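Hi everyone, thanks for making time. I'd like to walk you through one structure today, so let me put it up on the screen.

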Amino acid sequence: MTDPALPEDLLDFIRRSPTPYHVVDNARLMLRDAGFRHLTETKPWPDAVSAGFVTRDDGSLIAFRGGRKPLLENGLRLAGVHTDSPCLRLRPNPTRESQGYGQFSVETYGGVLLHPWYDRDLSLAGRISGLDDAGGLVSSLIDFRDPVAFIPSLAIHLDREANKGRNINPQTELSPVVLRLGEGESFDLEEVLLERIRRDRPEAGFARVLSWDLLLYDTQPPARVGIHGEFIASARLDNLLSAFVALRALLDAEDEYASVIVCNDHEEVGSVSASGARGTFLSAVLERLISEEDKGAGGFSRLMQNSLMLSVDNAHGVHPNFADRHDGGHRPMLNGGPVIKINANQRYAGSSRSVALFKALCGKTGVPWQSFTNRADLACGSTIGPLTAAEIGIPVLDIGVAQFGMHSIRELAGSEDPGHLLRCITAFYNRLV
Ligand code: CO
């Protein structure tokens with residue numbers, strides 16, 4: 001029943017998706033190939049679209065199947081994920097010079113685990129904007145693919161305290177080295193970007209580069225790890241594992257009931273943006289699925305109250321070297337199936353009702369499930385679940401597979417869990433419960 005190629009397909013998707021813009025672009029191709037219609041928010045939509053998708057600001061995407069059953073009475077099933085991951089981003093003035101070296105000037109994005117960024121072969125990718133020959137605005141994705149930068153560790157001989165919990169100052173100690181500069185030479189990134197985009201995407205017509213959303217990423221490809229290959233190691237498992245699996249579930253879903261996926265950018269920085277979970281993207285798209293007549297009759301709230309969302313984001317597996325960081329009664333294991341995330345203070349969304357539905361779904365599909373709550377003396381993380389519940393009033397349950405090293409440049413998850421998750425979300429869309 002589980003597709004044996006799923007972990008490899010997932011790792012390939014992650015490898016090709018170093019930034020939220022690439023995630024959305026790759027999702028767009030998958031949806032287009034499956035016959036989903038590309039709609040835009042700036043234009044009217046045709047009356048009956050059975051399967052479509054919309055993007056906003058290149059980093060967020062919503063895709064839907066309309067279903068055959070009446071929408072308001074039956075509601076919709078929604079899976080929510082995020083497309084962004086903590087990383088280092090280039091500043092507006094992106095270069096600096098020190099000791100004869102050209103470096104990138106970077107800012108941290110989200111809750112970056114800083115130590116693992118040292119000694120990696122880093123590349124650069126994202127979105128650039130500028131002007132074409134006629135002076136019109138142009139934008140394009142860009143990916144250097146090859147390693148172009150490196151943040152070297154300081155030798156232990158020059159820092160005898162290095163293994164004793166040294167702090168990293170992200171302003172002064174994280175600038176990646178890019179090149180050696182000769183006497184009087186300087187490092188002009190705009191020139192490098194223009195040359196690269198003209199070579200890679202001549203059709204974009206760039207004559208000048210004016211601005212960018214560029215981030216650094218590790219070029220080491222994702223891998224199967226473990227004596228029996230029971231783990232997967234990669235950057236961005238949080239949350240591209242969930243994004244890819246939920247997307248596949250939507251592609252696999254039957255057309256009986258309405259099914260939706262929302263992929264939001266900016267989760268790692270609090271979701272407050274036009275394309276984030278606290279913006280209007282989801283409500284604007286869902287409103288357009290409701291007929292004019294129903295809108296006047298409380299259609300939106302009727303739809304929301306008949307609907308259910310799974311907010312899918314990875315959970316913390318209990319780490320064998322640091323098991324005391326978990327509550328003893330809640331210790332999610334890698335390859336142990338999806339984790340139901342509960343927080344009494346609503347940092348995760350859910351209720352006994354939605355938890356029961358999810359456990360019943362797992363039971364019907366033969367998938368194991370686990371529960372997570374934080375230690376009471378540790379601050380709890382959060383995700384798009386509670387935010388979306390508050391914004392549009394839809395009941396939400398937070399779930400996700402267990403992983404190690406969340407927000408590291410290389411994370412570890414179980415290779416069985418993508419299959420577990422796929423079965424659950426597909427069953428959720430198909431309303432097995
Ligand atoms: Co996440």
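I'll start with the metal site, then go to one asparagine, the cores and a helix.

Quick ground rules: this is a predicted model, where local features need pLDDT of at least 70 and side-chain atom pairs count only at pLDDT 80 or more, while totals for chains, interfaces and linings use all residues. Residues are numbered from 1 along each chain as its sequence is written, and side-chain values use heavy atoms, leaving out hydrogens and water.

So, what holds the cobalt ion? Its protein donors are His82 through NE2, Asp238 through an OD atom, and Asp313 through two OD entries, lying 1.9 to 2.6 Å from the ion. Donors here are N, O and S atoms within 2.8 Å of the metal (3.2 Å for Na, K and Ca), and with water not among the atoms, sites may look incomplete. The spacing along the sequence reads H-x155-D-x74-D. Histidine 82 sits in strand E4, residues 76-82, and aspartate 238 in helix H5, so this pair ties together parts 156 residues apart in sequence. Helices (H or I, at least four residues) and strands (E, at least two) are DSSP runs, numbered from the N terminus. Both histidine 82 and aspartate 238 are buried, meaning under 20% relative accessible area with a 1.4 Å probe, protein chains only; exposed is over 50%, and partly exposed is in between.

Now to asparagine 314, in the loop between strand E14 (308-312) and strand E15 (315-316). Is asparagine 314 buried or exposed? Buried, with a relative accessible area of 4%. Its side chain makes polar contacts with the side chains of serine 242 at 3.4 Å and glutamine 403 at 2.8 Å. A polar contact is a pair of N or O atoms within 3.5 Å; within protein, one must be able to donate a hydrogen and the other to accept it, and residues adjacent in sequence count only if both atoms are side-chain atoms.

On to the nonpolar cores: sets of buried Ala, Val, Leu, Ile, Met, Phe, Trp, Tyr and Cys residues joined through side-chain atoms within 4.5 Å. In the largest, with 51 residues, Leu241, Phe358, Ile425 and Tyr429 touch the most other members. Helix H5, residues 237-252, gives the most to this core, with 10 residues. A second, separate core has 36 residues, including Trp117 and Leu215.

Last stop, helix H1, residues 6-15: its buried residues include Leu6, Leu10 and Phe13.
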